[in-house]
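Take a moment with the sequence and the model before reading on. Then follow the chain from its overall make-up to its finer details.

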Amino acid sequence: MAEENGVYVFCCIQAESAKDFGSVHFEGEDRPVFTVHYEDAAMVAVEAPIKIYHPKKENLMTHQQVISKVMESESSVVPISFGNVFQTRMDTEVLLKNLYPQLVKLFPEVRNKIEIGLKVVGKKDWLENQVQQNEKVMKQKQTVANKTEAAGYFDRIKLGEMAQDFFKMLKQDVEGDVHASLAKLAESAKSNETLGEKMLLNGAYLIDRDKEEAFDKKVNELHERWKDKVDFKYTGPWPAYNFINIKLKVEETT
């Protein structure tokens with residue numbers, strides 16, 4: 001039995017007339033990308049099976065590729081999170097109508113803006129060297145090593161707390177230099193939760209497209225200053241994922 005098709009949505013743009021974004025290979029076939037409209041807002045979408053979409057790499061990449069293509073020609077792009085599919089175009093129009101008051105405020109805020117991501121990850125040798133230079137941590141580490149597992153239980157807890165405090169201090173150093181410097185060039189900036197033990201910064205920056213070159217230059221300057229200690233993972237441009245929070249819900253209209 002064939003799956004019933006619905007409307008899978010990628011992003012919102014400011015447009016009064018239909019837009020042509022070509023087609024995308026999605027769910028095993030090439031599907032035309034179309035727009036659904038309400039007033040001067042439009043949802044970019046494709047017809048696709050109504051089901052739960054799992055965030056596997058291929059699906060996520062396709063979702064982002066469509067938004068990136070839209071960003072090439074549109075100045076106000078409001079991203080929609082992965083995996084949202086609605087039963088009919090009418091449902092999508094209802095969604096758009098419900099979102100419209102938010103979109104009226106968001107379009108000017110994201111116009112000609114892009115999001116840039118920067119993750120700063122400490123190099124293993126440098127991190128180990130920093131730990132070894134901390135006398136309190138090394139002394140506590142020796143205390144733990146000299147005791148049995150049972151006798152050193154609370155000492156290990158204390159060592160863990162000291163290590164957390166130490167890495168927190170390193171993160172503050174990176175935020176105070178790298179993040180603060182980049183935030184000055186951005187319209188808005190966020191320091192998100194870090195992932196893993198070695199990540200010292202997980203930054204997101206909303207910048208004007210016209211300032212991208214200056215922003216890149218500052219990132220390069222900061223990298224030169226920190227390159228012996230950390231690795232920079234610089235990504236983008238993206239739509240303003242970290243700076244927009246909209247909820248998708250088709251409300252009852254009766």
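What follows is a walk through this structure, from its elements to its pockets and its unusual backbone spots.

The model is predicted. The protein has six helices and 11 strands. Of its 254 residues, 41% are buried. Look next at how the chain meets itself. Among the contacts with a separation of 6 or more, 74% join residues 24 or more positions apart.

Start with strand 5, residues 41–49. Eight of its nine residues are buried, so strand 5 is largely enclosed by the rest of the structure. Which strands pair with it? Strand 1, residues 5–14, pairs with strand 5 in the antiparallel sense, over nine bridges. In this pairing Tyr8 stands opposite Val46 of strand 5. Strand 4, residues 34–38, also pairs with strand 5 in the antiparallel sense, here over five bridges. Thr35 faces Val44 of strand 5. Strand 4 and strand 5 form a hairpin with two residues between the strands. In that hairpin, Glu39 takes a positive phi near 55°.

Two residues further along come close to this part of the chain in space. Thr88 sits in the loop between strand 7 (85–86) and helix 2. Thr88 and Glu47 are 41 residues apart in sequence, and their C-alpha atoms are 9.1 Å apart. Thr88 is partly exposed, at a relative accessible area of 36%. Met90 belongs to helix 2, residues 89–110. Met90 and Val36 are 54 residues apart in sequence, with 9.0 Å from C-alpha to C-alpha. Is Met90 buried or exposed? Its relative accessible area is 62%, and exposed means over 50%, so Met90 counts as exposed.

Now turn to the open sheet of four strands. Its order is 9-10-8-11, and the pairing is antiparallel. Strand 9 (188–191) and strand 11 stand at the edges. Each has a single partner strand, so one side of each is left without a neighbour in the sheet. From one strand to the next, the twist averages 15°. Strands of a sheet pair through backbone hydrogen bonds, in a parallel or an antiparallel way. Strand 8 and strand 10 run antiparallel and are joined by nine bridges. One pair to find there is Ile116, which stands opposite Tyr205 of strand 10.

Which helix lies across this sheet's strands? Helix 6, residues 212–226, lies across strand 8, strand 10 and strand 11. Its direction is at about 170° to strand 11.

The strands just described also help line a pocket. The second largest pocket holds about 190 Å³ of space. Its lining includes Glu115, Lys119, Asn202, Thr235 and Trp238. Strand 8 (113–122), strand 10 (199–208) and strand 11 (230–238) are the elements that give two or more residues to this lining. Strand 8 gives the largest share, four residues. By class, the lining of the second largest pocket has six polar, four nonpolar and two charged residues.

A closed space comes next. The structure holds one cavity of 30 Å³ or more. The largest cavity has a volume of about 40 Å³. Among the residues that line it are Met71, Glu74, Val110, Lys113, Arg209 and Pro239. The lining of this cavity has four nonpolar, three charged and two polar residues.

A few backbone details remain. The peptide bond from Gly236 to Pro237 is cis, with omega near 0°. Pro237 is part of strand 11. Where does Glu27 lie? Glu27 is in the loop between strand 2 (23–26) and strand 3 (29–32). Its phi is positive, near 55°, in a residue other than glycine. Glu27 is partly exposed, with a relative accessible area of 26%. Asn112 is not a glycine either, and has a positive phi of about 65°. Asn112 lies in the loop between helix 2 and strand 8. At 23% relative accessibility, Asn112 counts as partly exposed.

Terms used: Residues numbered from 1 in each chain as written. Predicted model: local features only at pLDDT ≥ 70, side-chain atom pairs only at ≥ 80, totals over all residues. Heavy atoms only, no water. 1 Å grid on protein atoms, 1.4 Å probe; cavity = no way out; pocket = protein on both sides within 12 Å on 5 of 7 lines; lining within 4 Å. Points joined across faces, edges and corners; volume = space filled by probe spheres on them. Nonpolar A, V, L, I, M, F, W, Y, C, P; charged D, E, K, R; others polar. Pairing = 2+ DSSP bridges. Axes fitted to C-alpha atoms, helices over the stretch in contact; angles between N-to-C directions. Contact = heavy atoms within 4.5 Å. Buried < 20%, exposed > 50% of the residue type's maximum accessible area, 1.4 Å probe, protein only.
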